[in-house]
Amino acid sequence: MGSLGVGDYHGAGAAKAMRQLKVMLPSSFRKMRISDELAALLGAGGRNGGGAATARVVSPFGKVWDVEVDRDGDGDGGAFLGLGWPEFAAVHGVDVGWFLMLRHHGGGVLTVKVFDATCCLKEFGAPPSDVTTRSNGTRGASHKPQFVRVLLPGSMEKMMIPNKFVQHYITDALLNSQMANILSPVGKFWRIGVEKDQSGVFFTGGWLQFLSFHGIHEGDVVLLRYEGNMVFKIKVFGLNGCQKDCKTKDIRIQQYTENQQEAPPLSGRKCYNNKERVFGEDSEYQLEKTSSSRKRSSRRMMTSGQETKMQAISKSIYKIGPPSWIKKEINNSTLKRRLISFAPTFCRSIGLLEKGTITLETSTGSNRRSWEVVSRPYSKGFYLLGPTWDRFCQDNSLKAGDVCIFNVVETTLWHVVINRC
């Protein structure tokens, strides 16, 4: 066992850094299971043969431990950290249920971060000062406050920040902003609502959209590093403990078409400009879409005295955010049938998966009104329907040709802006 400076292991090799998040099980004190990929990077033989290797494990104290990397059986079994690992675990006082972050830096060097039972990064040195952590987080990246969370079903719509983390690093003044910024794995900043109640502090509004947009699922583990001023950087780990390559959904702005039976429109007025420019997230890209004005099929004259019928097309444009929004044109069918439909991809992206109610809000000056509207799934998406939707249309004097922009504040809270035809 020796010592190794921070600068030494950062330059130990040219290999790309690999991270694996492991939870301490009773069996982990004797053998710490690791992935085949990590074992190969450390020089241990693959499942088809090869000998053991020695990893240089750098502890949070800065000490270096020589730990054997080996496989079960005759070299064709699962990989693990063996000889030397039990002593490492004992010295650092790790316990069952704690998380360990193993990071390979090349040259057979591993660094280890420890997250204790509170899910917060364990400080082995002097406690952090309020000046650097509760305000601007000026410490080095490897020593910045961090915590991990397993995404259980109850953590998908709102996720609790560990109480210990809040007490040590987040002031009441920062909480009063009710907003956090999360730097996503693809380098985008997302604004997430922050809510405090008697049980603790939670990521709320926009959190489910963030997870959905990046393909983060139940059972994954998120690691959030605090940069200060309610800014967090996130990493995501899958069920195997390996860091996930989170990719945003290919779809950002889509046009959704649904055929409906509709009576002939009352007028031929067009409610859109010839082209509508839609700016994407952070204005890093922009798409131009042609007018989504109503398309009318030609009337068919029916025999035997039947009435003239028209097949009309209802279109919507939506953006998966944040912020997320969907723009729908009101047509005669919407008013007559007392319902409005929404694209399935859009609904899934904001976490709208089951029947329930959605609160629609409008505001004019200081006047704010709301309606609790029934939502129901169907084969091609979701409907808002029923007497309350009818009342929303009547209270807002909606008519065919008007355009409603539904801005998603939360999954079941939408702010509606109405553009008159």
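## Exercises around Asp72 and beyond

With a relative accessibility of 23%, Asp72 counts as partly exposed. The model used in these exercises is a predicted one.

**The partners of Asp72**

Task: Find out which residues are linked with Asp72 in a network of salt bridges, and which parts of the chain the pairs tie together.

Solution:
- Start with Lys31. It forms a salt bridge with Asp72, and the closest N and O atoms are 3.1 Å apart. Lys31 sits in the loop between strand S2 (18-23) and strand S3 (32-34), while Asp72 sits in the loop between strand S5 (63-71) and strand S6 (79-81), so this pair ties together parts that are 41 residues apart in sequence.
- Move on to Arg33. Its salt bridge with Asp72 has closest N and O atoms 2.4 Å apart. Arg33 belongs to strand S3 and Asp72 to the loop between S5 and S6, so here the parts tied together are 39 residues apart in sequence.
- Check the surroundings of Arg33: its relative accessible area is 36%, so this residue is partly exposed.
- Put the pieces together: Lys31, Arg33 and Asp72 form a network of salt bridges. The count for the model comes to 14 salt bridges.

**A pair that reaches helix H10**

Task: Locate the salt bridge between Asp390 and Arg338, and decide whether Asp390 is buried or exposed.

Solution:
- The two side chains meet with an N to O distance of 3.8 Å. Asp390 is in helix H10, and Arg338 is in the loop between helix H8 (332-337) and strand S22 (339-342); the pair links distant parts of the chain, 52 residues apart.
- Relative accessibility is 17% for Asp390, so Asp390 counts as buried. Arg338, at 39% relative accessible area, is partly exposed.
- Now look along helix H10 (residues 387-395): its buried residues are Thr388, Trp389, Asp390, Phe392 and Cys393.
- Continue past the helix: Ser397 follows H10 and has a positive phi, near 50°.

**A buried lysine**

Task: Lys235 is buried; which side chain of opposite charge is nearest, and how far away is it?

Solution:
- Find Lys235 in strand S15, residues 231-237.
- The nearest side chain of opposite charge belongs to Glu227, 7.4 Å away, and Lys235 has no salt bridge. The cut-off for a salt bridge is 4 Å, so that distance is too long.
- See what Lys235 does touch. Apart from neighbours within four places in sequence, its contacts are Arg19, Val221, Val222, Leu223 and Gln243.

**Cysteines without partners**

Task: Explain why Cys119 has no bond to the closest cysteine sulfur.

Solution:
- Recall that the two sulfur atoms of a disulfide lie within 2.5 Å.
- The cysteine sulfur closest to that of Cys119 is in Cys120, 7.1 Å away, which is too far for a bond.
- Repeat the check for Cys404: the nearest cysteine sulfur is that of Cys393, at 7.3 Å, and Cys404 is in no disulfide. The count of disulfides is zero.
- Compare the accessibilities: Cys119 counts as buried at 14%, and Cys404 counts as buried at 0%.

**Positive phi values**

Task: Where are Cys119 and Gln178 placed, and what are their phi values?

Solution:
- Keep the background in mind: most residues other than glycine have a negative phi.
- Cys119 has a positive phi near 75°, and its place is in the loop between strand S8 (109-115) and helix H4 (130-136).
- Gln178 has a positive phi near 55°. It is placed in the loop between helix H6 (172-175) and strand S11 (179-183).
- Gln178 has a relative accessible area of 53%, so this residue is exposed.

**The nonpolar cores**

Task: Which residues have the most contacts inside the largest nonpolar core?

Solution:
- That core has 33 residues, and the ones with the most contacts inside it are Ile170, Phe203, Trp207 and Phe232. Helix H7 (residues 207-213) gives the largest share, five residues.
- A second, separate core has 28 residues, including Ala44, Ala89, Val114 and Cys242.

**The whole protein**

Task: How many helices and strands does the protein have, and what percentage of its residues is buried?

Solution:
- There are ten helices and 27 strands.
- Of the 421 residues, 50% are buried.
- Among contacts with a separation of 6 or more, 62% join residues 24 or more positions apart.
- The accessible surface is about 20500 Å², and 49% of that surface belongs to carbon and sulfur atoms.

Methods
Residues numbered from 1 in each chain as written. Predicted model: local features only at pLDDT ≥ 70, side-chain atom pairs only at ≥ 80, totals over all residues. Heavy atoms only, no water. Buried < 20%, exposed > 50% of the residue type's maximum accessible area, 1.4 Å probe, protein only. Helix = DSSP H or I, 4+ residues; strand = E, 2+ residues; numbered from the N terminus. Lys, Arg positive; Asp, Glu negative; His and termini not counted. Contact = heavy atoms within 4.5 Å. Core = buried A, V, L, I, M, F, W, Y, C linked by side-chain atoms within 4.5 Å. Areas by Shrake-Rupley, 256 points an atom, 1.4 Å probe, with all protein chains shown as cover.
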